[in-house]
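This report describes a protein model in running text, with one small table. Please keep the sequence and the structure in view while reading.

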Number of protein chains: 2
Amino acid sequence: MDDPEFWDQDQTKVTDRIEIKDRNIDQGSIVEFGPDEPLELDGGTVLAPYTLAYQTYGALNADKSNAVLVCHALTGDQHVANEHPITGKPGWWTTMVGPGRPIDTNIFYVICANIIGGCMGSTGPSSINPATGKVYGLDFPVITIKDMVRAQIRLLDKLEIPDLFCAIGGSMGGMQVLQLVASYGDRVYSAIPVAATARHSSQNIAFHEVGRQAVMADPDWHGGRYMDNGSNPRKGLAVARMAAHITYLSDDALHRKFGRALQDRDKLTFGFDADFQVESYLRHQGYRFVDRFDANSYLYITRAMDYFDLPADYEGSLAHAFRELKTRFCVVSFTSDWLYPTRESREIVQALNAVAANVSFVEIESDNGHDAFLLDEPEFFKTISGFINSTAKSRGILPAK
Amino acid sequence: MDDPEFWDQDQTKVTDRIEIKDRNIDQGSIVEFGPDEPLELDGGTVLAPYTLAYQTYGALNADKSNAVLVCHALTGDQHVANEHPITGKPGWWTTMVGPGRPIDTNIFYVICANIIGGCMGSTGPSSINPATGKVYGLDFPVITIKDMVRAQIRLLDKLEIPDLFCAIGGSMGGMQVLQLVASYGDRVYSAIPVAATARHSSQNIAFHEVGRQAVMADPDWHGGRYMDNGSNPRKGLAVARMAAHITYLSDDALHRKFGRALQDRDKLTFGFDADFQVESYLRHQGYRFVDRFDANSYLYITRAMDYFDLPADYEGSLAHAFRELKTRFCVVSFTSDWLYPTRESREIVQALNAVAANVSFVEIESDNGHDAFLLDEPEFFKTISGFINSTAKSRGILPAK
């Protein structure tokens, strides 16, 4: 997931490892919230001070009606459409965001912030805890999707953007979109949750728990204090990523891409090297990931996703979360996504229908699995373009005809 | 998979850990193959001497026509219908094998041997390498499903059983059944591959690779020489088991069993303990498993499964594997099994149909996922009973009417 370049690579060996010497690289724009501006957290504590790192694309128009907030997924970040400062690769959603793209930066002002708990410039477990002068580690508070969304709203306040033309995101990004609308619906003109869910399933909690156990089983994790120890639970995080990565694809996509093809050899070696391309590919995904991501952030963000249960905040009724909303919705799922299957998007749509909300729903035919939202899916782009443009007309951002 | 008691438990905490002090417990009957009786392996080497540990139930009849070979799955063993010597729990297929059961031990003579590469008495990576006097570890040769089947045939030869009334097995057991019929079809009167495949898919290779990486990432693995070091890669193997365990269930089964229910608490703790029952359950499965299973065996057996590609041995045509067979087949799959989905059983049936073999095919409606073959599935038992009994009549084991 969140690895837009993954199908692009022709080889699957671990050759392009990046050693991150310094996380204090240019992460784009920064907003600092001082000790007097605490972020209230669902866990009952507050976070202060804190920092949000974000990127913007395009220009805010005079009446501030054209702002689009992009919410990123588990391992994504704010680098939507610019070169990634660590990997040097294109942003993770250049197919969707840019001049002439479905979210056209010649028309819209696009904002994307690294989430609270992340590791790309916003405050997270790898940040310095002002109370101790040391890295937070597990002293960082457990956060929720709602906490992430509170931080996004604080950012909009700082940027003096009263409301959003659109909030869009896939996977965990879609969860943030749903939470944003539920909590701050009057500030969101339209919303596009893609390949998302209103409530994390037990199977998905189970996969996340495996990932966390893999990280915590690594002795280099040191109870979360690896930075103090000058170590890094690379192996554990790589295993977590490998397991997760399988869930982002579909059986068909794996079969189409790899089948049982061998890796740089004519026959089986009768050993434990990566005989099959799919093994080599997975190892590559795992070890490349640890070069750009913080292990504790992985624990915190998966936890936030597991905790996500929007209906539970509304007496068990998702429809109640959407009462009296004027927001226009476009809900999108993909046929082969088994991590956030179409039926979970359908539940969102049913809840919206129950309160007579303005909603369109499209299930895109694709064999790319959950990752489809990051890949070249023409029908998906057409759907988003169509919705965005007609909604922009109704808001007067684009001429009505 | 292969954990028949898993739905039985009411609690999911790790309370019943078993410390194995000595693997030289009573594993049932033993056959020793001497240095002059080498087992030829697909990898080009031989294994000699070697041991097979097995269990039998019921009695062989006078004309030796009532022998049933049960082939066990990845983490199964020979203790099909007797109390397990390590866990003290009932055998893993007491629902299927026993007096009055579908495979009725009042009628049939049932044999089940621990596979080569296993860790329950048959020779495997935890056995002593006669060449060095030390535990094999990674010096054990990589084996295949065909190697396992060769060993099974050697056992039948020792027991002076010319042919089998039936070979049956689920999952990797079903792969062995298919290989047995392909290699020694004239010695198998009937065959029941359950929840199996003729060729391991890339998704399944990927899941296995994650498990192997988890084991090998554990520093207590010591390059496979953990026994020499007095250590045990418990954490790595537990993570492997947790990841695998999710694939044995279905999303629906997890939802039905756990949903988002909390573990012994009223509300979220905002920490990394097991808040959800499904997390606690998975941890329990992981850590209970390592008490009864050898980590290197896990590597070797998953490798054997990944290498399984029966069509590849027959110029890419599975039908060629079954040419001129007189064996009667009953192929069984389960609707919610996403690890070995029905379409893979259907491919087996199509290949059998292509050579006009005698085959019946039943897809059992169940939401228990791959594990259904080990659970209480009345329709499944009825299917097996019906097939077994009618086939026993045609062979004269049971009276014709």
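In this predicted model, A:Gly170 stands opposite A:Val194, a residue of strand β12 of chain A. The pairing of the two strands concerned, β11 (residues 164-170) and β12 (residues 188-194) of chain A, is parallel and runs over six bridges. Across β11 and β12 of chain A, and also across β5 (67-71), lies helix α2 (residues 172-184) of chain A. The direction of α2 of chain A makes an angle of about 150° with that of β12(A).

Strands β5, β11 and β12 of chain A belong to an open sheet of eight strands, ordered β1-β4-β8-β5-β11-β12-β13-β14, in which the pairing is mixed. Which strands stand at the edges of this sheet? They are β1 (29-33) and β14 (358-364) of chain A; each has a single partner strand, so one side of each is left without a neighbour in the sheet. On average, neighbouring strands of the sheet are turned by 20° against each other, direction ignored.

The chain as a whole may now be considered. Chain A contains ten helices and 14 strands. Its radius of gyration is 21 Å, close to the 21 Å that the globule rule gives for 401 residues, so chain A is as compact as a globular protein of that length. Of the 401 residues of chain A, 56% count as buried. Among contacts in chain A between residues at least 6 apart in sequence, 72% join residues at least 24 apart. Along the principal axes, the C-alpha atoms of chain A fill a box of roughly 65 × 50 × 40 Å.

How is chain B related to chain A? A turn of 180° with a shift of 0.0 Å along the axis lays chain B on chain A with an RMSD of 0.0 Å. This is the relation of a two-fold axis. The same surface serves both copies, since 98% of the contact residues of chain B recur in chain A.

The contact between the chains takes 41 residues from chain B and 40 residues from chain A. Five helices of chain B, listed below, each supply at least two residues of the side that touches chain A.

| Helix of chain B | Residues |
|---|---|
| α3 | 202-217 |
| α4 | 234-248 |
| α5 | 251-257 |
| α6 | 277-289 |
| α7 | 295-307 |

The largest share of this side of chain B, eleven residues, comes from α3(B). By kind, the residues of the side of chain B that touches chain A divide into 22 nonpolar, nine polar and ten charged.

Methods: Residues numbered from 1 in each chain as written. Chains lettered and ligands numbered in written order. Predicted model: local features only at pLDDT ≥ 70, side-chain atom pairs only at ≥ 80, totals over all residues. Least-squares fit on C-alpha atoms with pLDDT ≥ 70 in both. Contact = placed C-beta atoms within 7 Å. Pairing = 2+ DSSP bridges. Helix = DSSP H or I, 4+ residues; strand = E, 2+ residues; numbered from the N terminus. Axes fitted to C-alpha atoms, helices over the stretch in contact; angles between N-to-C directions. Nonpolar A, V, L, I, M, F, W, Y, C, P; charged D, E, K, R; others polar. Rg over C-alpha atoms; globule rule 2.2 N^0.38 Å. Buried ≥ 20, exposed ≤ 12 C-beta atoms within 10 Å, placed from the backbone.
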